[in-house]
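Thanks for asking me to look at this one. My comments are set out as numbered points, so you can follow them with the structure open beside you.

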Amino acid sequence: MGDKEVLRVFNTRAQTRAYYDRISKVYDLLAEHSEGPVRRKGLELLALQANERVLEIGCGTGHCVVDCAQSGAAAVYAADISLGMLEQTRHALRKAGAAATLLCADAAALPLTSGFADALFMSFTLELFDTPEIPRVLAECRRVLKPSGRVVIVGMSKEGGPDILVEGYEWAHLHFPNFVDCRPIHVAQTLADAGFTITQKEIVHMWLPVEVVAARVER
Ligand SMILES: C[S@@+](CC[C@H](N)C(=O)[O-])C[C@H]1O[C@@H](n2cnc3c(N)ncnc32)[C@H](O)[C@@H]1O
């Protein structure tokens, strides 16, 4: 496996939805400890303003939806393909006394008008899409963002040279794709290739490298 070679993902939407429905109640037990701090770093980079409308794609159990709603943003929207995950988000919002509009939707075809959002956030979700699909998802992100819009994406990264943990993760994805459903990608590079202007990029070492990338729309 060369450093630059990004693995393919062959799960169908139905498999992805079923997988996240199945693990929605235990997702936080599996991921929150490691991923939580990195996601929060992403929200710091997004630096939401009070008059802004923000959209999170692949909101999972809703931690960032709650954080966005409590940040004072004017309106918070969150999309996920899994009803099980959206139910967890609904529960988290209720518990926090916060409000957001939840959409059961596919990131590649969002039921939102063009130029809808000031800011967009996505964490540990872009790397779930197969390589040819990533540009389509990012084109959809551009479509729903305002011309002045910005995005922060947090994703497992293949940047930084050979890494034994990255290689181990890729091995697990190749051999158990139904369980390890994603793989590290080049986050900033795919954003730049999709026409975004990168404004900030950090590599955070979770137990494998994670890119936290801020970018703005270039039209
Ligand atoms: C690995 S989880 C990450 C969840 C959350 N962003 C976090 O950081 O904890 C990926 C999320 O993306 C959602 N997802 C997967 N494919 C999707 C798609 N095509 N459209 C929208 N959401 C999708 C899953 O249901 C799941 O909630």
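The points below go from the sheet to the helices, then to the charged pairs, the surface and the backbone.

1. A word on the source before anything else: this is a predicted model. Please read each point with that in mind.

2. Let's begin with the sheet. It is open and has seven strands, in the order S3-S2-S1-S4-S5-S7-S6, with mixed pairing. Its edges are strand S3 (101-104) and strand S6 (196-205), each of which pairs on one side only. From one strand to the next, the twist averages 15°.

3. At the S3 edge, look for strand S2, residues 75-80. S2 and S3 run in the parallel sense and share four bridges. To find your place there, use Asp80, which stands opposite Cys104 in S3. Helix H4 (residues 83-96) lies across both S2 and S3, and its direction makes an angle of about 170° with S3.

4. At the S6 edge the pairing has the antiparallel sense: S6 and strand S7 (residues 209-217) are joined by nine bridges. Ile198 has Ala215 in S7 as its bridge partner. The link from S6 to S7 is a hairpin of three residues. As general background, strands of a sheet pair through backbone hydrogen bonds, either parallel or antiparallel.

5. Which parts does helix H5 pack against through its buried residues? They are S1, strand S4 (117-123), S5, helix H7 (187-193) and S6. The buried residues of H5 are Ile134, Val137, Leu138, Glu140, Cys141, Arg142 and Val144. You will notice Glu140 and Arg142 in that list, and Glu140 comes back in the next point.

6. Glu140 forms a salt bridge with Arg143, at 2.9 Å from N to O. Both residues belong to helix H5 (residues 134-144) and sit three residues apart, about one turn of the helix. Are the two partners buried or partly exposed? Glu140 counts as buried because its relative accessibility is 10%. Arg143 counts as partly exposed because its value is 26%.

7. Two other charged pairs connect separate parts of the chain. The side chains of Arg150 and Glu52 form a salt bridge of 2.6 Å, N to O. Arg150 is in strand S5 (residues 145-156) and Glu52 is in the loop between H2 and strand S1 (53-57), so this pair ties together parts 98 residues apart in sequence. Glu52 is buried, at 10% relative accessibility.

8. The other pair is Lys158 with Glu170, whose side chains meet in a salt bridge at 2.9 Å, N to O. Lys158 lies in the loop between S5 and helix H6 (164-175), whereas Glu170 lies in helix H6, so the pair ties together parts 12 residues apart in sequence. Lys158 counts as buried, at 4% relative accessibility, and Glu170 is buried too, with a relative accessible area of 1%.

9. How many salt bridges are there in total? The count comes to 13. Beyond the pairs described above, Arg13, Asp106 and Glu133 are linked in a network of salt bridges. In general, side chains of opposite charge can pair when their charged atoms come close.

10. For the surface, I would point you to a nonpolar patch of about 330 Å², made by Val26, Leu29 and Leu30. Val26 is in the loop between helix H1 (13-23) and helix H2 (27-46). Val26 counts as partly exposed because its relative accessibility is 38%.

11. Finally, please look at the backbone of two residues. Ala47 has a phi near 45°, which is a positive value in a residue other than glycine. Ala47 is found in the loop between H2 and S1 and is partly exposed, at 37% relative accessible area.

12. Phe124 also has a positive phi, near 50°, and is likewise a residue other than glycine. Its place is the loop between S4 and H5. Is Phe124 buried or exposed? Phe124 is buried, because its relative accessible area is 8% and buried means under 20%.

How values were computed
Residues are numbered from 1 along each chain as its sequence is written. This is a predicted model: local features need pLDDT of at least 70, side-chain atom pairs count only at pLDDT 80 or more; totals for chains, interfaces and linings use all residues. Side-chain values use heavy atoms; hydrogens and water are left out. Two strands pair if DSSP finds at least two bridges between them. Axes are lines fitted to C-alpha atoms, for helices over the stretch in contact, and angles run from 0 to 180 degrees between N-to-C directions. Contact means heavy atoms within 4.5 Å. Patches are made of residues with over 30% relative accessible area and no salt bridge: like charges are joined within 9 Å, nonpolar side chains (Val, Leu, Ile, Met, Phe, Trp, Tyr) within 5 Å. Accessible areas come from the Shrake-Rupley method with a 1.4 Å probe; for residues, only the protein chains shown count as cover. A salt bridge is a side-chain nitrogen of Lys or Arg within 4 Å of a carboxyl oxygen of Asp or Glu. Buried means under 20% relative accessible area, exposed over 50%, partly exposed in between (1.4 Å probe, protein chains only).
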